[in-house]
Amino acid sequence: MSSTAAASGLVVFLLSVQVIQSQDGWGVTYSPTEVCALKGSTVEINCSYTYPSRIQHRDIRNRFWFTKKKDREPVDLKTDSEYSGRVEYRCSEKWCSLMIRDLRENDSAEYKFRFMTNQPGGKYTGSPGVTLSVTDPRLQVEVSRSDSTWSLMKCLISCVLPDRPSYFWYKNGQKINTGSSSRSVNFGSLDNYSCALSGYEDQRSPSVYAPKLPSVSVSSSAEIVEDSSVTLTCSSDANPAANYTWYKENQTRPLSEEPHLVFSSIQSSDSGQYYCRAENLMGRKRSESIFIDVKYAPKLPSVSVSSSAEIVEGSSVTLTCSSDANPPANYTWYKENQMKLQGPESVYRFTSISSHDSGNYHCQSENQYRRINSTSLVLDVQYAPKLPSVSVSSSAEIVEGSSVTLTCSSDANPPANYTWYKKNEDSPKASGQIFNITDFRAEHSGSYYCEAQNNRGRSNSTLHLTVVADKTTMIIRYTRWTLVVVIPILLLLVCLWMRKKKALSSTTEPHEPIETVELHSYPDYENNSNSAAQREDSEEQEDQV
């Protein structure tokens, strides 16, 4: 086996096991049985042959190689126009070779050797023959990792060459050295590398290089809505092809080790920054982050009050509604299902809360996807008792001896406690909203007031009670008043009239003797009249309500 030094090519072989064909002393042995050669090069195929001992070498009259038959007879390559001028035989006793120059791709075929003698039946073809594959110098750089910092490159060819050829290495398209088929480079190098065979510099291997900056795309160009299907795709120019890993910002655990990150039903919690990493045996590269903004309807709103303690009338109170939503929700506040406040605002403020603000409140959050109500929040505003209202059981006159019920009521939170007092008396008369007097007497007349009190304050209200005598008592009193008071007054008036008349008479008749008239006084009646009048006045004061 030999190789030519011609620039047109090299002789190349793929070694294989020898095959010997033998039949009654007839045989052909090919070594090798498979040959790989580069396009444009020269190849030499060899064989040895045997024949029976009754046949002499001088009996052999023809030896040739063929690939085709015509009229069922093999066609000598030298007579085939496709091989014209490119085929040469070199044969000796029991050995023969075929040399083909300027190999072409259509030269790929199975080549067989045939020899014939002048003896009857003295011809033989070695079958199967030698398979020749003609190809371009298909070089490929194989990459492996020697350690964490170095990558090892090997220049491989599709055919095994008989000799040790020279290789050229290229860095970013520039020739850097010749010689070995292997080369080490730093892992993560930004350069690209290729190789070529000496004499075939214009047929370089594809370049190998670390991944370029990966690009990231989203399956949907519109808004990403919760529960929809979303796919993120990572791609990077790299040779060898890159492997991909997906991450979410601030998380170390990978989400996927595929070029695609698929969300079959994306959730609001999936919103965030994502990036991918492309890596091959030459290096790795991280993509820029992409923000996934998942739109979703408002979640169930939560409501809170600014003060965790008791709410006191007059204080400042703020209600806050919060609902997770994208885009942000608009809020509406309701009291007992009546709208109170509407806007982007999530708070409802009472600068000075009053008792009238007590009640059930809830908020409603809404965006373009839906609206949802919160649970109710109860505002229990505490306040001191308002001015009590006091009432009497009877709207008519209070008659001596009757039963009287006084009732006191006051709006308060927490509810008030009640205490009854009589004016100018220190000790309370009763406790509770109701004060009963079962047998009302003159001494019960006077001003009463109730005091309403809770832990927020106190307030009171006054009521004046006056007793009135019953009818029988009134008739007796009237008669006594007439006798004791009216009659003495009438008598006194008569006396005065008589004295005045007498005086006039003495003036008109001066010579007549003066008549002395004795005026009788009635001291008992006067005294009785005065004392009775005093008693009557006192009783009237006690009876007035």
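Is glutamate 425 buried, partly exposed or exposed? We will settle that in Exercise 1, after a word on the model.

This is a predicted model, in which local features need pLDDT of at least 70, side-chain atom pairs count only at pLDDT 80 or more, and totals for chains, interfaces and linings use all residues. Residues are numbered from 1 along each chain as its sequence is written, and side-chain values use heavy atoms, with hydrogens and water left out.

**Exercise 1. Classify glutamate 425 and describe its salt bridge with lysine 429.**

Step 1: take the classes. Buried means under 20% relative accessible area, exposed over 50%, and partly exposed in between (1.4 Å probe, protein chains only).

Step 2: apply them. Glutamate 425 has a relative accessible area of 32%, so this residue is partly exposed. Lysine 429, at 38%, is partly exposed as well.

Step 3: look at the pair. A salt bridge is a side-chain nitrogen of Lys or Arg within 4 Å of a carboxyl oxygen of Asp or Glu. Here the N to O distance is 3.6 Å. Elsewhere, salt bridges that share partners join Arg277, Glu279 and Arg284 into one network.

**Exercise 2. Find where the partners of two further salt bridges sit in the chain, starting from arginine 286 and arginine 441.**

Step 1: start with the total, which comes to 18 salt bridges.

Step 2: follow arginine 286, whose side chain meets that of glutamate 249 at 2.8 Å, N to O. Helices (H or I, at least four residues) and strands (E, at least two) are DSSP runs, numbered from the N terminus. Arginine 286 belongs to strand β26 (residues 283-286), while glutamate 249 lies in the loop between β23 (243-248) and β24 (260-263); the pair links distant parts of the chain, 37 residues apart. Arginine 286 is partly exposed at 39%, and glutamate 249 is partly exposed at 25%.

Step 3: turn to arginine 441, which forms a salt bridge with glutamate 400, the closest N and O atoms being 4.0 Å apart. Both ends are in loops: arginine 441 between β44 (434-437) and β45 (446-454), glutamate 400 between β40 (398-399) and β41 (404-409), 41 residues apart. Arginine 441 is partly exposed at 32%, as is glutamate 400 at 31%.

**Exercise 3. Work out which strands stand at the edges of the sheet β13-β14-β17, and why.**

Step 1: read the order. The 3 strands form an open sheet, β13-β14-β17, with antiparallel pairing; two strands pair if DSSP finds at least two bridges between them.

Step 2: count partners. β13 (139-145) and β17 (182-186) each have a single partner strand, so one side of each is left without a neighbour in the sheet and they stand at the edges.

Step 3: zoom in on one pair. β13 and β14 (residues 150-157) are joined by 7 bridges, and glutamate 142 stands opposite lysine 154 in β14.

**Exercise 4. Describe the surroundings of asparagine 326.**

Step 1: place the residue, which is in the loop between β31 (317-322) and β32 (330-335).

Step 2: check accessibility. At 13% relative accessible area, asparagine 326 is buried; in the chain, buried residues make up 39% of the 545 residues.

Step 3: list the neighbours. Leaving aside residues up to four places away in sequence, asparagine 326 touches Asp293, Val294, Lys295, Tyr296, Asn367 and Tyr369, where contact means heavy atoms within 4.5 Å.
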